[in-house]
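Biologist: Please take one part of this model and examine it closely, residue by residue where that is useful. I should like a connected account of how that part is placed and what surrounds it.

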Amino acid sequence: MSAQLIPAAIMFFITVAVGALFWLPALKIVQKCEIIKFYWVGFWAFLGGIVALSGAQSVLVILGQDVERFAGAMLIGVSAAFVVFVVFAWGRLSLRGASHLLKKAK
């Protein structure tokens, strides 16, 4: 068991580091528009969550836990939610831009 702790700890710290890197753009780049800020932070939060889930799955697999089915289902669910979030954001921001353009044209 102690032989598995070192690789699991390394994987854990790599996961934390990569997850933190995904939060940097959300925290460091300031958006003026509140709607764009919401989707910007949400985009990076979803990516950080996906990294955290996949890293946690890998750590538990290294430690010998049988989490493949549950963690795989969680990862698929979060990935699907991410796609829905991005498509909804794209649609909402596109409609907002088009309506703003029509108001300027009048």
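Modeller: Ile-6 lies in helix α1, which covers residues 2-28. The model is a predicted one, and the values that follow are computed from it. Ile-6 has a relative accessibility of 57% and therefore counts as exposed, the cut-off being over 50%. On the surface, Ile-6 joins Ile-10, Ile-14 and Val-18 in a nonpolar patch. Together these four residues have about 350 Å² of accessible area.

Thr-15 also belongs to helix α1. Its relative accessible area is 14%, so Thr-15 is classed as buried, for which the limit is under 20%. Beyond its neighbours within four places in sequence, Thr-15 is in contact with Val-51, Ala-52 and Gly-55. Of these partners, Val-51 and Gly-55 appear among the buried residues of α2.

This leads to helix α2 itself. Helix α2 comprises residues 34-62, 29 residues in total. From its first C-alpha to its last it reaches 42 Å, close to the 42 Å expected at 1.5 Å a residue. Its buried residues are Ile-35, Tyr-39, Gly-42, Trp-44, Leu-47, Gly-48, Ile-50, Val-51, Gly-55, Gln-57 and Val-59. The cover over these buried residues of α2 includes α1 and also α3, residues 68-105. Just after α2, Gly-64 adopts a positive phi of about 90°.

The largest nonpolar core consists of five residues, namely Ala-26, Trp-44, Leu-47, Ile-50 and Phe-82. Helix α2 makes the greatest contribution to this core, supplying three residues. Ala-26, another member of the core, is in contact with Trp-40, Val-41 and Trp-44 when neighbours within four places in sequence are left aside.

Ile-35 is a further residue of helix α2. With a relative accessible area of 17%, Ile-35 is buried, because this value falls under 20%. When residues up to four places away in sequence are not counted, Ile-35 touches Arg-92, Leu-93 and Arg-96. For one of these partners, Leu-93, the separation from Ile-35 is 58 residues in sequence, while the C-alpha to C-alpha distance in space is 8.1 Å.

In summary, α1 holds both the exposed Ile-6 and the buried Thr-15, and it is included in what covers the buried residues of α2.

Definitions and conventions
Residues are numbered from 1 along each chain as its sequence is written. This is a predicted model: local features need pLDDT of at least 70, side-chain atom pairs count only at pLDDT 80 or more; totals for chains, interfaces and linings use all residues. Side-chain values use heavy atoms; hydrogens and water are left out. Patches are made of residues with over 30% relative accessible area and no salt bridge: like charges are joined within 9 Å, nonpolar side chains (Val, Leu, Ile, Met, Phe, Trp, Tyr) within 5 Å. Accessible areas come from the Shrake-Rupley method with a 1.4 Å probe; for residues, only the protein chains shown count as cover. A salt bridge is a side-chain nitrogen of Lys or Arg within 4 Å of a carboxyl oxygen of Asp or Glu. Helices (H or I, at least four residues) and strands (E, at least two) are DSSP runs, numbered from the N terminus. Buried means under 20% relative accessible area, exposed over 50%, partly exposed in between (1.4 Å probe, protein chains only). The expected span of a helix is 1.5 Å times one less than its number of residues. Contact means heavy atoms within 4.5 Å. A nonpolar core is a set of buried Ala, Val, Leu, Ile, Met, Phe, Trp, Tyr and Cys residues joined through side-chain atoms within 4.5 Å.
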